[in-house]
Amino acid sequence: METKRIYVDHAATTPMRREVLDAMLPYFSENFGNASTVYAEGREAKKAVSEARDAVAKAIGANTDEIFFTGSGTEADNWAIRGVAFANRAKGNHIITSAVEHHAVLHTCQTLEKEGFEVTYLPVDEFGMVSPEDVKNAICDRTILVTIMTANNEIGTVMPIEEIGKITREKGVIFHTDAVQAIGMMEIDVNKMNVDLLSMTGHKFYGPKGSGALYVKKGIKILPFITGGAQERNKRAGTENVASIVGLGKAISLATSEMGEKAEKLKALRDRFIDRVLEEIPYTRLNGHKTKRLAGNANISFEFIEGESLLLMLDMQGISASSGSACTSGSLDPSHVLLAIGLKHEVAHGSLRVSFGESNTMEDVDRIVDSLKTIVSRLREMSPLYEAVKNK
Amino acid sequence: MYSEKVMDHFSNPRNVGEIEDANAVGQVGNPKCGDIMKIYMKINDETKQIEEVKFKTFGCGAAVATSSMATEMVKGKTIDEALEITNVAVAEALDGLPPVKMHCSNLAQEAIHSAIADYYNRKGIDPTHIVGCNGDCACCHHDHGESEE
């Protein structure tokens, strides 16, 4: 019997909503104009882009002319960091970030280190939280940028962005946040958060892949990242991907208008999942903070087993989830986030990330937990590490 | 990314378990790297035939599948024949492994060597000239990755 598949990897990507697809469709073949042209087709495209820009601005409390479209969240992160670093090079060469950032930020910072910049990678506490005090202490007279994510993609920890922003404002340092995971999950207001730049991508909130945006507060000095034509007010060249931009606009409007109720639903799923797993499966631990975490995110370590095996077995049961094991990251080390919160390598290898979304139900939660109980005990029976514990 | 054979051996691994009266036990790998394989054998002292073999593995899909396949391959073989099984042969028997997973097939080969070394060590015979190492494969399992890039 074919059972319904359960997708619980919404932190990786989400299915595009029908309303978003419908909004995008006219901008492929019918209204195909280049937004930079003066005639009717071009004006049509330009209007669509401008409406999407309004929608994005409204969703995060920004002004329309502070929103710049990009091709992805990664591009927004790369641009924010490199663009600010080089535009403010005369002021200093020091950048502050955290050990748990997404690779789009971490690898960009590492690249800058090879180009004469100095980067401080702040540690996090056991929950994955950056301390505002640490940010304050790390700022020196050469610091030009602080970049800390709004919420962590692996363990869901929501960072004290507002407080960090207060500090950077006082010190006159530019503050960027990667809010890729946070949009649609929690209230995002760039003014309340005291941020100067903010990255996002549409596909994490039921919009299209290959869509992204960067908020740049008015007055912030930033160099273009992609040079060429005069699109995006000379800041980001390349013919506008109108359909994708329209999709991003539609998706963010839907995500923010329905957020409160949806987040509550996701939290209920998340908490039931976490509670059941911790209660019913021994040798497990929750990674991240119990309450200061993204509504749909659960990250659990199962001792004595390895994450990829767990994922493959879940997949066979029709469940799609994610892990921080080395074997799933394509590298040899387990997730840098799990190591940064102090997990031992072997425990980090056995982690599971479940990220709930709109399609999930309480029945799904129960089916996942029931499957996990069988799978985890089967893998443990096969594990020489468990044998050692059992025989103690 | 995995062949059907790998998935078959992963989802229905052969020879999982322990042998209580095993006379050859080897463990290789490192929890830090994310894979450990422990292999149990019962070797006939007269014929030097591997009569029984079981394994336990902590690791990814490829680690489990290579453990399963390697135990199938050594079962019934003599020590000399078992020592001839290479990591490439284990990988080929599984219709290949993704390049980043080739180290898992080393693990299986090393586990076999480690168990056979243990067999000789228990008898007070230095296994170095037979197995090619002293059997402390947990230490020499250092070919993890870097060379594969």
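This passage walks through the fold of a predicted two-chain model, from the overall dimensions of chain A to its central sheet, the nonpolar cores, chain B and two unusual backbone angles.

Chain A is the place to start. Its 392 residues would give a compact globule a radius of gyration near 21 Å, and the model has 22 Å, which agrees. Along the principal axes, the C-alpha atoms fill a box of roughly 75 × 55 × 35 Å. The chain is built from 15 helices and 12 strands, and 59% of its residues are buried. Contacts reach well along the sequence: among those with a separation of 6 or more, 73% link residues 24 or more positions apart. What chain A leaves accessible comes to about 15900 Å², with carbon and sulfur atoms supplying 51% of that area.

An open sheet of 7 strands runs through chain A in the order 2-8-7-6-5-3-4, and its pairing is mixed. Strand 2 (67–70) and strand 4 (118–122) sit at the edges; each has a single partner strand, so one side of each lacks a neighbour in the sheet. From one strand to the next, the twist averages 20 degrees. At the strand 2 end, strand 2 and strand 8 of chain A pair antiparallel over 4 bridges, with Phe68(A) standing opposite Leu214(A) of strand 8.

Strand 7 of chain A (residues 197–201) is worth a closer look. On one flank, strand 6 (residues 174–178) runs parallel to strand 7 and is joined to it by 3 bridges, His176(A) having Leu197(A) as its bridge partner. On the other flank comes strand 8 (residues 212–216), antiparallel to strand 7 and held to it by 5 bridges. Here Ser199(A) stands opposite Leu214(A), the residue that also faces Phe68(A) from strand 2. The side chains of strand 7 alternate: Leu197(A), Ser199(A) and Thr201(A) point one way, Leu198(A) and Met200(A) the other, and all are buried. With 5 of its 5 residues buried, strand 7 is therefore largely enclosed by the rest of the structure.

Helices pack against this sheet. Helix 3 of chain A (residues 73–87) lies across strands 2, 3, 5, 6, 7 and 8, making an angle of about 160 degrees with strand 7. Helix 4 (residues 103–113) also packs on the sheet, where it touches strands 3, 4, 5 and 6 of chain A; the angle between helix 4 and strand 4 is about 145 degrees.

Next come the nonpolar cores. The largest has 73 residues, and those touching the most other members are Phe273(A), Phe302(A), Leu310(A), Leu352(A), Leu372(A) and Met41(B). The biggest contribution to this core is from helix 5 of chain B (residues 102–122), which gives 10 residues. Beyond its neighbours within four places in sequence, Met41(B) is in contact with a set of chain B residues including Ile19(B), Ala22(B), Ile50(B), Val53(B), Val74(B), Ile112(B), Ala115(B) and Ile116(B). A second, separate core contains 63 residues, among them Ala52(A), Ile67(A), Ile161(A) and Leu198(A). Leu198(A) belongs to strand 7, described above.

Chain B itself has 149 residues, of which 55% count as buried. Its 7 helices and 3 strands follow the pattern α-β-β-β-α-α-α-α-α-α along the sequence. Of the chain B contacts between residues at least 6 apart, 62% join residues at least 24 apart. The accessible surface amounts to about 6300 Å², with 47% of it belonging to carbon and sulfur atoms.

Two backbone angles in chain A deserve a mention. Most residues other than glycine have a negative phi. Arg233(A), though not a glycine, has a positive phi of about 50 degrees; this residue lies in helix 7 (residues 231–234) and is partly exposed, with a relative accessible area of 39%. Phe304(A) is likewise not a glycine and has a positive phi of about 75 degrees. Phe304(A) is found in the loop between strand 10 (297–302) and helix 10 (307–316) of chain A, and is buried, with a relative accessible area of 11%.

Definitions and conventions:
Residues numbered from 1 in each chain as written. Chains lettered and ligands numbered in written order. Predicted model: local features only at pLDDT ≥ 70, side-chain atom pairs only at ≥ 80, totals over all residues. Heavy atoms only, no water. Buried < 20%, exposed > 50% of the residue type's maximum accessible area, 1.4 Å probe, protein only. Helix = DSSP H or I, 4+ residues; strand = E, 2+ residues; numbered from the N terminus. Pairing = 2+ DSSP bridges. Contact = heavy atoms within 4.5 Å. Areas by Shrake-Rupley, 256 points an atom, 1.4 Å probe, with all protein chains shown as cover. Axes fitted to C-alpha atoms, helices over the stretch in contact; angles between N-to-C directions. Core = buried A, V, L, I, M, F, W, Y, C linked by side-chain atoms within 4.5 Å. Rg over C-alpha atoms; globule rule 2.2 N^0.38 Å.
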